[in-house]
Amino acid sequence: MRLLKSETGLFRLIELAGEKKALMIWAGIISTVSVLFLLIPFIAVYEVMAELLKHAADTKKIDSSLLITWALRGGLGMILGYFLMYIGGMLGHIAAFRILYGIRVRLADHLGDLPMGFFNKNATGKLKKIIELDVEKIEIFIAHQFPDLINTVVMLVLMIGFMFFLNIWFALASILPIVFGFFIQFSMMAGKKAHVGLKEYFDALEEINTSSVQYVKGMPAIKVFGQTVHSFRRFYQDMLNYQKFCVQYTDNFQNSYVSFRVVVLSLATFILPVGLFLLSGDPQNVAFAITLLFFLVIAPGVSTPIFKLNSFASSLNIIAEGVKRIDRIFAEKTIAEPQKGQKPTSFAIEFREVSFAYDAKESVEVLKKISFTAPPGQLTALVGPSGSGKSTIAQLLPRFWDVKEGSITIGGVDIREMKTKDLMDVLSFVFQDTFLFSDTLYNNILIGKPDATPEEVYAAARAAQCHNFIAELPQGYDTVIGEEGVYLSGGEEQRVSVARAILKNAPILILDEATAYADPENESQMQVALQELIKDKTVLIIAHRLTTICEANQIIVLREGKIDDMGSHRDLLSRNSLYQSMWQAYTTSEDWQIGELGKKEVPV
Ligand SMILES: Nc1ncnc2c1ncn2[C@@H]1O[C@H](COP(=O)(O)OP(=O)(O)O)[C@@H](O)[C@H]1O
Ligand SMILES: [Mg+2]
C-alpha cells in the first residue's frame with residue numbers, strides 16, 4: 001500500500017473516490033444545472049407579484065397572458081429541475097456504490113495481507129463496524145451530500161446575488177443574521193470539545209460492536225452461567241456509555257443549535273423593520289413595497305439550503321472520522337514480501353535459535369531459542385503441557401507472525417525470502433479449530449485446491465473418511481453448512497479440513513491437535529485419514545493423544561517455550577521426566593475413558 005498523503009476531510013474523500021471521480025463530478029454538475037432550473041419558480045413568483053402589485057389599484061390592467069407565461073415557466077423549470085436532480089442522484093448513487101465496492105475490496109485485500117498480530121489487537125466487532133458502517137457513510141456522502149453540497153452552494157450564491165441585485169438593504173438584513181447564526185454555530189462545533197466528542201462517539205460505537213459480537217458468540221457461556229444482558233457487564237456498560245455520550249453530545253450543542261435555528265427561521269423579523277423603516281421615508285414607492293414583499297416571501301426559502309449546509313458540516317466531520325479509521329487500517333504494515341522470491345526445492349523444516357513474543361513491546365518470550373530440524377518424509381511430533389508454545393511454533397511457519405530472533409527455513413530458504421503465495425503452496429494445515437465457511441461442503445473442501453476436478457474432491461473426501469457422512473446429508477456435497485440446521489460435529493468438521501489438506505497435497509503438513517474433537521470411534525477413522533495424508537511428507541504434528549505420536553521419528557518435548565528434550569518415544573520414556581509424567585497421565589486417562597476392554601496396544 002502506498003504511503004498515504006496527509007489529505008483529510010473532503011479532499012481525502014474525493015481522493016478515495018479514485019477513478020470514479022468523473023462520475024461523481026458529473027453528478028455534481030447535473031445537480032447544479034437542476035438548481036438553476038429550480039430557481040425559475042422563484043423568479044416567476046417575483047414577476048407575478050410585481051405585475052399584480054403594479055396594477056393593484058386597477059386590476060383590469062393586469063396582463064393575464066404574462067401571468068400565465070410565468071406560471072408555465074415556473075412549472076416547467078420545476079419539472080426539469082426535479083428531473084435533472086433525479087438523474088444527478090442516479091449518477092451519484094452509481095458512483096457511490098462503485099466507490100464503496102472498490103474501498104471494501106481494497107480493505108479486504110489489505111486485511112488479508114496483515115499479520116495475525118493485527119487481528120489479535122483489533123476485535124472482530126470493531127473491524128466489522130469499520131468495513132460496514134464507516135464505509136457506508138461514504139455512500140451517503142457521495143450519493144447524497146456531495147451533490148447536495150454543490151447545489152446548495154450554487155443555490156445560495158444565486159439567491160444571495162439576486163437579493164443584492166434587488167435591494168442591498170434587504171439583502172444585508174437577510175444575510176447578516178445568517179452569518180451571525182453560523183458564527184455561533186461554528187464557534188461551538190469547531191471547538192475542541194466537538195472534536196473530542198466525535199472521537200469518543202466512534203470509540204463508543206466500536207466498543208458496542210465488539211461487545212455485541214462477543215455477547216452473541218458467547219451465548220452458550222452466557223446461558224449456562226445464567227447471565228443476562230445486565231450481568232454481562234461489558235456489553236451493558238458499553239451500551240450505557242454510548243447512551244451517556246449521546247445525551248451529553250446533544251447537551252453540548254443544544255444551545256447553539258437552537259439559537260441558530262431561531263435566527264435563520266425568523267429572517268422576516270429582521271427584514272420587516274428594515275423594510276418598514278425604509279418605506280416610511282417614501283410610502284408611495286410601489287416597486288419598493290413589491291421588493292419587500294418578495295423578500296418576506298422568499299426568506300423561508302433561504303433557510304432550507306442554510307440548514308442543509310449546516311448539517312453537511314457536521315456530517316462531514318463524522319465521515320472524516322470514519323475515513324480516518326479506514327485509513328488507519330490501510331496504514332497498517334502488511335507482511336513484508338521479498339522483491340524476488342526464492343522457492344525451496346526440498347522440504348526439510350529448520351528452526352534456528354528462534355525466539356518469539358506475541359507482543360513486540362513486552363519482554364515475555366513465548367518461545368526461547370528453539371532449534372530443531374524436521375526432515376522430509378518423516379514425522380516430527382511436538383508435545384508439552386498446554387501453553388508451552390506448540391501451536392505458536394506451528395503458526396510461525398505460515399508467517400502468521402514473524403520470529404523475533406533466529407530464523408525458520410524450508411529446504412534451506414528463509415521463509416521471509418519466499419513470496420507468501422509460494423510459501424502457502426508448500427504448506428498444508430489442519431488446525432484444532434477448523435473453520436468451515438457457510439458454503440457448500442464441496443466448496444469448503446475445494447478451498448484446498450480451487451482448480452481441482454470434482455473427482456479429485458470426492459477422492460480427497462473418501463481418503464479423509466468424510467465421503468460417507470456427506471453422502472448421507474440431504475443435499476450431499478451441496479449441503480450448505482449452517483443452513484436449515486445442518487451442522488457437523490467437531491470430529492466431522494476436522495475430517496472435512498483433513499480432506500482440504502489431502503486435496504491440497506502440499507509437501508509440508510502441519511497438524512495441530514487435528515484429532516482433538518474425535519471420539520474413540522471416529523478417531524480410528526481419523527488415523528486412517530492421516531496415514532493417507534502423511535505419506536512422503538514433512539510432517540509436524542501436535543497431538544494430545546500420545547498414541548498418535550508415539551510412532552513419530554522424532555518427538556520434541558516443550559516446556560515453557562524451551563525445548564526440554566528430543567528423541568524417540570522409547571528414549572524419552574526412559575530419560576525425560578516431563579515426558580514420563582505426560583505419558584503416565586495419558587495412559588491413566590485412556591483407561592478411565594474407555595476401560596480395560598478398549599485399552600490400546602502401545603509400543604513401549
Ligand atoms: N494470539 C496470542 N496472543 C498472545 N499470546 C498468545 C497467543 N496465542 C498464545 N499465546 C500465549 O503463548 C503461549 C503459548 O501458547 P500456545 O502456543 O498456544 O501453547 P500450546 O499450543 O502449547 O498450548 C501461552 O502462554 C499463550 O498464552
Ligand atoms: Mg495449542
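User: Let's start with the open sheet of 4 strands. What is the order of its strands?

Analyst: Bear in mind that we're looking at a predicted model. The pairing in this open sheet is antiparallel. Going across its 4 strands, the order is β2-β1-β4-β5.

User: And which strands stand at the edges, each with a single partner strand?

Analyst: An edge strand has a single partner, so one side of it is left without a neighbour in the sheet. That applies at both edges here, and the strands in question are β2 and β5 (413-414).

User: Over how many bridges do β1 and β2 pair?

Analyst: β1 covers residues 349-356 and β2 covers residues 367-374. One bridge to look for puts Phe-351 together with Phe-372 in β2. The two strands pair in the antiparallel sense, and the count of bridges is 5.

User: Which residue in β4 does Arg-352 stand opposite?

Analyst: Besides β2, strand β1 pairs with β4 (residues 405-410). That pairing is antiparallel too, over 5 bridges. Find Arg-352 and look across to β4, and you land on Ser-407.

User: What about β4 and β5: over how many bridges do they pair?

Analyst: Look for Ile-410, which stands opposite Val-413 in β5. The two strands run antiparallel, and the number of bridges is 2.

User: Moving on to β3, how many of its residues are buried?

Analyst: β3 takes in residues 379-383. Leu-379, Ala-381 and Val-383 point one way, while Thr-380 and Leu-382 point the other way. In a regular strand, side chains alternate between the two faces of the sheet. Both sets are buried, and the count for the strand is 5 of 5.

User: Which residue in β8 is the bridge partner of Leu-379?

Analyst: β3 and β8 (residues 538-542) run parallel and are joined by 4 bridges. Start from Leu-379 and follow its bridge into β8, and the partner is Val-539.

User: And in β9, which residue is the bridge partner of Thr-380?

Analyst: β3 also pairs with β9 (residues 554-559), in the parallel sense and over 4 bridges. For Thr-380, the partner in β9 is Gln-554.

User: Now the ligand. Which helix gives the most residues to the shell around ligand 1?

Analyst: The residues around ligand 1 include Asn-120, Tyr-358 and Val-366, along with Gly-384, Ser-386, Lys-390, Ser-391 and Thr-392. By class the shell has 2 nonpolar, 8 polar and 1 charged residues. The top helix contributes 3 residues, spans residues 390-396, and is α12.

User: How far apart are the end C-alpha atoms of α5?

Analyst: α5 has 43 residues, running over residues 124-166. At 1.5 Å a residue the helix should span 63 Å, and the model agrees with that. The end C-alpha atoms are apart by 59 Å.

User: Where does the kink in α5 lie?

Analyst: The kink is about 40°. Look shortly before the proline Pro-147, and you'll find the kink at Gln-145.

User: Is Asn-151 buried or exposed?

Analyst: Asn-151 has its place in α5. Apart from neighbours within four places in sequence, Asn-151 is in contact with Ser-31, Thr-32, Ser-34 and Val-35. The C-alpha atoms of Asn-151 and Ile-25 are separated by 12 Å, although the two are 126 residues apart along the chain. Asn-151 has 25 other C-beta atoms within 10 Å, so it counts as buried.

User: Gln-465 has a positive phi; what value is it near?

Analyst: Most residues other than glycine have a negative phi. Gln-465 has its place in the loop between α15 (454-463) and α16 (467-472). Gln-465 is buried, with 22 other C-beta atoms within 10 Å. Its phi is near 60°.

User: And Glu-560, is it buried or partly exposed?

Analyst: Glu-560 has its place in the loop between β9 and β10 (562-567). Its phi is positive as well, near 45°. There are 14 C-beta neighbours inside 10 Å, so Glu-560 counts as partly exposed.

User: Last one: which residue just after α17 takes a positive phi?

Analyst: α17 spans residues 490-504, and its end C-alpha atoms are 21 Å apart, which agrees with the span expected for 15 residues. The helix is mostly covered, with 13 of its 15 residues buried. Just after it comes a positive phi of about 55°, at Asn-505.

Methods: Residues are numbered from 1 along each chain as its sequence is written. Chains are lettered from A and ligands numbered from 1 in the order in which they are written. This is a predicted model: local features need pLDDT of at least 70, side-chain atom pairs count only at pLDDT 80 or more; totals for chains, interfaces and linings use all residues. Two strands pair if DSSP finds at least two bridges between them. A residue is near a molecule or strand if its C-beta atom, placed from the backbone, lies within 6 Å of it. Ala, Val, Leu, Ile, Met, Phe, Trp, Tyr, Cys and Pro count as nonpolar, Asp, Glu, Lys and Arg as charged, and the others, Gly among them, as polar. The expected span of a helix is 1.5 Å times one less than its number of residues. The bend at a residue is the angle between axes fitted to the seven residues ending there and the seven starting there. A residue is buried if 20 or more other C-beta atoms lie within 10 Å of its own, exposed if 12 or fewer, and partly exposed in between; C-beta atoms are placed from the backbone. Two residues are in contact if their C-beta atoms, placed from the backbone, lie within 7 Å.
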